[in-house]
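Visitor: I have a structure to go through and some questions about its parts. Please take me through them one at a time.

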Amino acid sequence: MFIDSICIVGGGSAGWMTAATFSKIFPEKKITLIDSADLPPIGVGESTTQFIRDWMKFIDLKDEDWMNDCDATYKYSVRFENFNKPSVPFHYPFIADINGFNLEEKNASQWFIHQAITGESVDGFAEWFCPQMKAIHENRIITKNFDRFDHYADTAFHFDATKLARWLKENRCQTVEHIRTNIVSHKKRKDGSIEYIRDDNNVKYYADLFVDCTGFRSLLINGFMNTGWDKFDNMLPNDSAWAVRLPYTNKREEMKTYTNCTALKTGWVWRVCLQNRMGTGYNYSTKFISDEDALAEFKEHLGDVEPLCEFRNIKFKTGLSQKPWNKNVLAMGLSGGFIEPLESNGLLSIHDWLMKACQIIGQGHVTAIDIASYNKDVRARFTAFAEFVFMHYGMSARNDTPYWKYLTEEFEAFSMEKFDLEQWTINGYNGIIYIMAGHNWNPFNPVTVKVLESQNRLRTDAYIELSDYRQYDELIESFPYAVDYYES
Ligand SMILES: Cc1cc2nc3c(=O)[nH]c(=O)nc-3n(C[C@H](O)[C@H](O)[C@H](O)COP(=O)(O)OP(=O)(O)OC[C@H]3O[C@@H](n4cnc5c(N)ncnc54)[C@H](O)[C@@H]3O)c2cc1C
């Protein structure tokens, strides 16, 4: 297949991110984006991971280009509250340099070994390991790199999703033709690929490649191509959310530099801070609570605050397309897969899949084996991320409600594994370390240490002292508070 023309269907975050990327990387190709005035984008998805930086670099997007127009703020961490018992909040800060976990060297693993031997908790790992934690606790913007903290690699963003989609359209999609209409049908070629799609005025749209960005409707990849879908709903039962926007009432206190996730009885609540408002939502499972009761629980959690808009109920399905790229249809965004909002994986997978697809399209001729490799690769990474998200629940000790009991005791984990010692020593750094430490799960205990010693796999003299970041106190105290930084 040669791809000279690309037709994107859908004008949410996935659609405009796809259009901006293809427009930048393939300026010579004919690109069309079709969306429907009757079907608004989902309007959530305002928190990102540090990996968004890779995509931004790929399309040459600089912070100063877009952040203020999209009310964006920097995000340094994810904070989890009530995910465990007893409830000790913990952070998953971004830091690229984790210094290795090889057992034979002096590094972070030695701290876990030390805590295991002395019987001490590991839930303070983020504070022990990350020099930037004081700045995070104090809601300061880190304006200078120090120690191992790197502003470029170790920050993500919160932003207004609607504004960013509009910004990309207006500023990065000059080669893209935008058409507003409803796609209703299609015609296939003999080989099963799509020849054209058709709108409700009977106008046909031809392209070499069709990109399905129609969100949970999955009009092309599921509707037209009838591609199978692997569900994640036994592992990740959340299927609904109540979302709302909140005003700041005390910006100095409320404006955090992390995404806050608070577990409730049947799910968890996200809260993100933009320059002008906050976004929050309760993500829950209707297998365990009704929409009405979830709304009541959410309102009680929010307390006495007047929202900026109506509470919006969002239904979602978790899972992954069996072929995110099927013939000449490429699924991007919610149409291709969704894990659940925890750990901001929606936008992450869009960027991941886009960069991978660009590499293949950039070859010129796309073969069946390219498509098969793409599917294998993106599916493996997506599934691994889904398991990572599940670990946030599965490692918990909560069993105080039917929802938590299901996730921690009753769920059939099939072949899923805890992050074990071998993975630890072989694979080294993984974000899961923050999560398991936050849940106070240490892969080492006095018995494993004894086993490792018998196998001569351990340096017993390697313990490194608790890191002392007090030397940075003065520097960190010179960093502006988030509220002042954005107001200036
Ligand atoms: C509750 C919730 C919270 C989330 N939070 C996060 C988060 O914090 N971070 C994160 O990274 N991700 C998050 N996500 C995921 C994120 O919202 C999505 O990945 C992202 O918004 C992309 O959505 P989309 O563009 O695929 O779909 P949508 O935004 O739903 O867009 C679909 C588009 O398709 C068009 N369309 C549909 N049918 C037709 C048709 N027949 N003809 C023409 N056009 C059509 C519509 O007009 C619309 O423009 C969250 C998701 C949910 C459900």
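Visitor: How many bridges pair strand β13 with β16?
Guide: In this predicted model, β13 covers residues 240-246 and pairs with β16 in the antiparallel sense. One pair of residues facing each other is S240 and Y284, the latter in β16. The number of bridges between β13 and β16 is seven.

Visitor: Which strands stand at the edges of the sheet with the order β5-β4-β14-β15-β16-β13-β17?
Guide: This is an open sheet of seven strands, and its pairing is mixed. An edge strand has a single partner strand, so one side of it is left without a neighbour in the sheet. Neighbouring strands are turned by 20° against each other on average, direction ignored. The strands at the edges are β5 (90-93) and β17 (312-315).

Visitor: At what angle does helix α10 run to β13?
Guide: Helix α10 spans residues 291-302. It lies across β13, β14 (258-264), β15 (267-273), β16 and β17. Its angle to β13 is about 35°.

Visitor: Which residue stands opposite R198?
Guide: Another open sheet holds three strands in the order β8-β9-β10, with antiparallel pairing. Here β8 (183-188) and β10 (204-206) each have a single partner strand, so one side of each is left without a neighbour in the sheet. Strand β9 (residues 194-199) is joined to β10 by three bridges. Opposite R198, in β10, stands K204.

Visitor: Which helix gives the most residues to the largest nonpolar core?
Guide: The largest nonpolar core has 129 residues, and I6, V9, A19, F210 and M332 touch the most other members. The helix that gives the most to this core supplies nine residues, and it is α12 (residues 368-394).

Visitor: Which residues does A19 touch, not counting those up to four places away in sequence?
Guide: A19 is among the residues of the largest nonpolar core that touch the most other members. With residues up to four places away in sequence left out, A19 touches I8, I31, L33, C173 and V176.

Visitor: Which residues come nearest to the ligand?
Guide: The shell around the ligand receives at least two residues from each of α1 (13-25), β2 (30-35), β16 (278-284) and α11 (345-361). There are 39 residues around the ligand. Those that come nearest are G12, G45, G215, G333 and G346.

Visitor: How many residues of the shell around the ligand are charged?
Guide: The shell residues divide into nonpolar, polar and charged. Of these, 18 are nonpolar and 18 are polar. The number of charged residues is three.

Notes
Residues numbered from 1 in each chain as written. Predicted model: local features only at pLDDT ≥ 70, side-chain atom pairs only at ≥ 80, totals over all residues. Pairing = 2+ DSSP bridges. Helix = DSSP H or I, 4+ residues; strand = E, 2+ residues; numbered from the N terminus. Core = buried A, V, L, I, M, F, W, Y, C linked by C-beta atoms within 7 Å. Buried ≥ 20, exposed ≤ 12 C-beta atoms within 10 Å, placed from the backbone. Contact = placed C-beta atoms within 7 Å. Near = placed C-beta within 6 Å. Nonpolar A, V, L, I, M, F, W, Y, C, P; charged D, E, K, R; others polar. Axes fitted to C-alpha atoms, helices over the stretch in contact; angles between N-to-C directions.
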